[in-house]
Amino acid sequence: MPDFPIPERSSEKQLLEPEITVETAFMPSQPEIKPSSCIRRNSYFIIVVLSILVIVLSVLLAYFAVIAPLAEHTSGRDGEQGKQRSAHEMTYVRLTGEVKPTYYDLDFFIEPGIVRDEVLYPYGEPVAAFNGTALISLHAHEHARRIQLNADRNLLIQSFRLRSEDVAIERMERSDLSDVVTFHLDNELTPGTDYELHLSFVGAPDPLDKEGLYAGQYEDGNQTKLYVVTQMEPAAARKMFPCWDEPEFKARFKIIITHPEEYHSLSNMPVQSATNLGNGWVKRSFEESVLMPTYLVAVCMTDFHNLSRTIQNSQNETIEFKVWAKHDSIHLGYYALEAGVRLFHFFEDFYKIPYALPKIDMISIPNFMAGGMENWGLITYRRRYLILDQDIMELKVSISKVVTHEIAHQWFGN
């Protein structure tokens, strides 16, 4: 902070009235009146007392508004058993390493639409209704009588089964204090043994929640169109499917999506097959992913157009590099495409590590909350960081910075 000269304070006498000197034989001279130090000390005392009162009231308010209702909800409801369960759940908010996933086979049915409610959503809000199944391959690292994973409270697990000759699931327990789901087993898991957990689930997402799998809308002329996208970072994959939603638990992913045929779907990996199911529905299956954490899993459903370049990585393997955007702005994506291709070759040469995937998609998402998200093979951007609306240096620098950041993440951090 810069230093400024501080003017000398005027005396109280000068502040109140001009100095007037009156000489008269009938008025004796009066001594000069000075501010009392006692008044100053009293002011300091009042300030200190008020500060203490504010702190005390804040603590009391926090206790009665947050802590007391939470304690009543978790322990008062069930007495001593509730207290024990609350302590247990608070201990295991982070997942343990007794059992770890190695592979997810995920099959989704996704249908975007508009939800309306006279009170909550009077103008309508886009929502991505979905259900799915998950086959999760597990490896037991320790003896355990339970399997714990993450699932958001709005993700309803309808069925569960452990494929094993020696162990079965007795019951499922969901935590009130965290997104941890516990499957209690009738026998111990054997260390070094592989298992398969089969789950079916239904999503009941909040239309205003822009994490996990969510829907958005944009105007195209006089039409309102919908799109579907994911934003998993930092811990929102659990809103789309039951999983070990911590970066430590990396696995491979096989993703299948059934959706209305007017949408084009993307994921981390290229499309392996597409089947027309009739009645306006299509099923698209994507190749198995590389080993990665759940927060990088990505899905998009749009009617966007693309610009593409076919390039070679350092191992002479073919890489499909594409930029996706709305049809009325895709021609403004050439700068980001050329910048992305040049950065791709720069980072391969700089790190001396070949790019691990067969493609990179960069897509402009309307009203995207983040500047960009480094999903492996499917990078999502806010429009202004991918689409060059005007040929001016300031916008080019802005796009270059964000594209550089996200392309670099394809080598590290993932």
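These exercises, each with a worked solution, concern a predicted model of one protein chain.

**Exercise 1. Confidence**

Task: Find what the mean pLDDT of the protein chain is, and which stretches should not be read in detail.

Solution:
- Start with the whole chain. Its mean pLDDT is 86, and 82% of the residues reach 70 or more.
- Next, take residues 1-30. Their pLDDT is below 50. Beyond near neighbours in sequence, this stretch has three contacts in the model.
- Then take residues 70-92. Here too the pLDDT is below 50. This stretch has 25 contacts in the model beyond near neighbours in sequence.
- Apply the rule. Where pLDDT is low, the predicted coordinates should not be read in detail. Residues 1-30 and residues 70-92 have pLDDT below 50.

**Exercise 2. The five-stranded sheet**

Task: Work out the strand order of the open sheet of five strands, and which helices lie on this sheet.

Solution:
- Write down the order: β15-β16-β17-β19-β18, with mixed pairing.
- Identify the edges. They are β15 (305-312) and β18 (372-373), each pairing on one side only.
- Zoom in on one pair. Strands β16 (residues 318-325) and β17 (residues 359-365) run parallel and are joined by five bridges. Within this pairing, E320 stands opposite K359 of β17.
- Add the first helix. Helix α4 (residues 334-351) lies across β15, β16 and β17. It runs at about 25 degrees to β15.
- Add the second helix. Helix α5 (residues 393-408) packs on the sheet and touches β16, β17, β18 and β19 (378-382). The directions of α5 and β19 make about 155 degrees.

**Exercise 3. The three-stranded sheet**

Task: Determine the order, edges and twist of the open sheet formed by three strands.

Solution:
- Order: β3-β6-β5, with antiparallel pairing.
- Edges: β3 (144-150) and β5 (169-174) each pair on one side only.
- Twist: the average is 20 degrees from one strand to the next.
- Register: five bridges join β5 to β6 (residues 180-189), and the two run antiparallel. Opposite I169 stands L185 in β6.

**Exercise 4. Salt bridges**

Task: Count the salt bridges in the whole structure, then examine E98 with R146, K225 with D220, and K359 with D361.

Solution:
- The count: a search of the whole structure finds 15 salt bridges.
- Take E98 and R146. Their closest N and O atoms are 3.6 Å apart. E98 sits in the loop between α3 (79-91) and β1 (99-117), while R146 is in strand β3, so the pair ties together parts 48 residues apart in sequence.
- Check burial against the cut-off of under 20% relative accessible area. E98 has 16% and counts as buried. R146 has 13% and also counts as buried.
- Take K225 and D220. Their side chains meet at 2.8 Å, N to O. D220 is buried, at 14% relative accessible area.
- Take K359 and D361. This salt bridge has an N to O distance of 2.6 Å. Both K359 and D361 are buried.
- Look for shared partners. D179, R238 and D245 are joined into one network by salt bridges that share partners.

**Exercise 5. Surroundings of N150**

Task: Decide whether N150 is buried or exposed, and find which backbone atom its side chain reaches.

Solution:
- Locate N150: this residue is in strand β3.
- Relative accessibility is 2%, so N150 counts as buried.
- The side chain of N150 reaches the backbone nitrogen of D245 at 3.0 Å.
- List the neighbours. Not counting residues up to four places away in sequence, N150 touches L95, D179, V180, R238, F241, P242, C243, W244 and D245.
- Cross-check with Exercise 4. D179, R238 and D245, the members of the salt-bridge network, are among the residues N150 touches.

**Exercise 6. Surroundings of V299**

Task: Place V299 in its strand, and find which residues V299 touches.

Solution:
- V299 belongs to strand β14 (residues 299-302).
- A relative accessible area of 1% makes V299 buried.
- Leaving out residues up to four places away in sequence, V299 touches V228, V229, T230, M240, I255, I257, L266, S267 and L378.
- Compare sequence with space for G212. V299 and G212 are 87 residues apart in sequence, with 9.9 Å between their C-alpha atoms.

Technical notes
Residues numbered from 1 in each chain as written. Predicted model: local features only at pLDDT ≥ 70, side-chain atom pairs only at ≥ 80, totals over all residues. Heavy atoms only, no water. pLDDT = per-residue confidence, 0-100. Contact = heavy atoms within 4.5 Å. Helix = DSSP H or I, 4+ residues; strand = E, 2+ residues; numbered from the N terminus. Buried < 20%, exposed > 50% of the residue type's maximum accessible area, 1.4 Å probe, protein only. Pairing = 2+ DSSP bridges. Axes fitted to C-alpha atoms, helices over the stretch in contact; angles between N-to-C directions. Salt bridge = Lys/Arg side-chain N within 4 Å of Asp/Glu carboxyl O. Polar contact = N/O pair within 3.5 Å; in protein donor to acceptor, adjacent residues only side chain to side chain.
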